[in-house]
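Visitor: I am new to this structure and would like to learn how to read its features one at a time. Could you take me through them with care?

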Amino acid sequence: MSLRNCRNVKVLEVSPVGQSKAAGEFFELKLEYPDWDGWKPGQFVMIRPVDWELDLLWGRPFSICSADGESVTLFIQNVGRGTSRIAQLQPGDMVAMWGPLGNSFAMEPETPTLLLAGGIGIAPFRGYVESHPHPENLQLFLAHRMPLECYPFETLSDKVEGQCIIEEKPEDLDAIINTMKGLIQEYAEKGGLILSCGPTPFMKTVQRFANEFDARAQVSLENRMACGVGACLGCVTKDGEGHHVQVCTKGPVFWADKVEL
Ligand SMILES: Cc1cc2nc3c(=O)[nH]c(=O)nc-3n(C[C@H](O)[C@H](O)[C@H](O)COP(=O)(O)OP(=O)(O)OC[C@H]3O[C@@H](n4cnc5c(N)ncnc54)[C@H](O)[C@@H]3O)c2cc1C
Ligand code: FES
């Protein structure tokens with residue numbers, strides 16, 4: 001993948017998600033489908049609205065939430081300058097998009113698979129659930145801070161066994177950690193697969209319990225990125241042997257025992 005794979009695509013839809021006062025913080029961005037041969041859940045795109053000109057230099061990375069040959073859907077939390085500008089896009093506006101980038105989550109259709117999502121980390125799991133041949137083998141756990149309606153949880157828990165805990169007070173964090181510990185131990189004991197995506201402290205918790213119970217677990221990293229194609233070295237982390245690797249090209253998905261967090 002290189003910047004030659006960058007395409008200008010049209011915005012088809014920008015829809016706020018959720019009805020609460022936090023609703024403005026989450027939205028779905030639907031973009032025209034470029035001439036991709038395909039994509040896999042866990043991969044991401046870099047986007048940069050054309051009208052940013054020299055205002056914001058770098059694109060922003062987002063997991064591919066779903067894509068169907070007509071459109072690519074991203075699920076975005078408005079956290080800063082770039083995402084607030086993206087939230088203001090209108091249908092018909094043009095966006096430079098490069099991707100699909102990076103590697104994807106392991107998919108073993110017959111293996112019981114646990115999806116662990118921290119907040120916006122639920123985004124890649126929509127595509128994962130939609131493209132899994134046996135969703136009955138999937139279980140989803142979401143730890144979140146905003147009201148549940150802000151996340152695409154209900155649509156997923158219609159298809160797979162789902163559980164969630166909101167973090168509002170310190171005791172909730174204990175409940176989240178204990179639940180994750182119990183689930184990771186259970187999946188380790190039955191030889192299952194564990195896939196996770198979320199903020200770094202969430203990933204560290206997954207890694208800690210995966211090591212403790214010798215579980216097969218993958219973590220998807222959200223390091224800050226600028227180019228998305230391995231050139232700027234802005235996203236580097238260390239692999240299990242201490243070598244520097246670019247998260248955008250060697251990841252964003254890593255086996256939990258083969259990456260330093
Ligand atoms: C592979 C990958 C997939 C991602 N998928 C999604 C997704 O599906 N949906 C989504 O909403 N976000 C996703 N992110 C995070 C998203 O890229 C950032 O939130 C976004 O770039 C912030 O841009 P900004 O200009 O609004 O924020 P800035 O103004 O640059 O920063 C505002 C705040 O956001 C924090 N921030 C900036 N970049 C990141 C980042 N990469 N991860 C976490 N916090 C960050 C900053 O530390 C700061 O506190 C993903 C990131 C990566 C690397
Ligand atoms: S974002 Fe540039 S090397 Fe990864």
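Visitor: Let me begin with a single side chain: does Met146 count as buried, partly exposed or exposed, and why?

Guide: Please keep in mind that this is a predicted model, and that what I tell you is computed from it. A residue is called buried under 20% relative accessible area and exposed over 50%, with partly exposed in between. Met146 has a relative accessibility of 23%, so it counts as partly exposed. Met146 is found in the loop between β9 and α3 (153-157), and its C-alpha atom is separated by 29 Å from that of Glu32, the two residues being 114 apart along the chain.

Visitor: How is the chain divided into domains, and how far apart do their C-alpha centres lie?

Guide: The division gives domain 1, residues 3-101, and domain 2, residues 113-220. Their C-alpha centres lie 24 Å apart, and the two parts touch, with 19 residues of domain 1 in contact with 15 residues of domain 2.

Visitor: Where does the largest pocket lie with respect to those domains, and why?

Guide: The way to read this is to ask which parts of the chain supply the lining. Domain 1 and domain 2 both give residues to it, so the largest pocket lies between them. Its volume is about 1200 Å³, and its lining is made of 44 residues, among which Gln77, Val79, Ile120, Pro199 and Glu222 lie nearest the centre. Two or more lining residues come from each of β4 (60-63), β6 (71-77), α1 (81-87), α2 (123-131), β9, α4 and α5.

Visitor: How many of the residues in that lining are nonpolar, polar and charged?

Guide: The lining of the largest pocket divides into 25 nonpolar, 13 polar and 6 charged residues.

Visitor: One of the elements you named was α5; how does its reach from first C-alpha to last agree with what is expected of a helix?

Guide: For a helix, one sets the distance between the end C-alpha atoms beside the span expected at 1.5 Å a residue. Helix α5, residues 200-213, has 14 residues and reaches 20 Å, close to the 20 Å expected.

Visitor: Which residues of α5 are buried, and what do they pack against?

Guide: The buried residues in α5 are Phe202, Met203, Thr205, Val206, Gln207, Phe209, Ala210 and Phe213. They pack against the helix α4 (170-189) and against the strands β8 (113-118), β9 (138-144), β11 (193-197), β12 (216-220) and β16 (259-260).

Visitor: What follows α5, and what should I notice about its backbone?

Guide: The general idea is that most residues other than glycine have a negative phi, and that most peptide bonds are trans. Asp214, which follows α5, has a positive phi, near 55°. Asp214 is placed in the loop between α5 and β12, and at a relative accessible area of 68% it is exposed. Leu233, although not a glycine, also has a positive phi, of about 65°, and its place is in the loop between β12 and β13 (236-239).

Visitor: Which residues are joined by cis peptide bonds, and what are the omega values?

Guide: One such bond runs from Gly99 to Pro100, with omega near -5°, and Pro100 lies in strand β7, residues 94-101. A cis bond also joins Gly251 and Pro252, where omega is about 10°; Pro252 is found in the loop between α6 (247-250) and β15 (253-255).

How values were computed:
Residues are numbered from 1 along each chain as its sequence is written. Chains are lettered from A and ligands numbered from 1 in the order in which they are written. This is a predicted model: local features need pLDDT of at least 70, side-chain atom pairs count only at pLDDT 80 or more; totals for chains, interfaces and linings use all residues. Side-chain values use heavy atoms; hydrogens and water are left out. Helices (H or I, at least four residues) and strands (E, at least two) are DSSP runs, numbered from the N terminus. The expected span of a helix is 1.5 Å times one less than its number of residues. Buried means under 20% relative accessible area, exposed over 50%, partly exposed in between (1.4 Å probe, protein chains only). Contact means heavy atoms within 4.5 Å. On a 1 Å grid over the protein atoms alone, a cavity is a set of points where a 1.4 Å probe fits but cannot get out, and a pocket is an open set with protein on both sides within 12 Å along at least five of seven lines; lining residues have an atom within 4 Å of a point. Grid points are joined across faces, edges and corners, and a volume is the space filled by probe spheres set on the points. Ala, Val, Leu, Ile, Met, Phe, Trp, Tyr, Cys and Pro count as nonpolar, Asp, Glu, Lys and Arg as charged, and the others, Gly among them, as polar. Domain bounds come from an automatic or database domain assignment.
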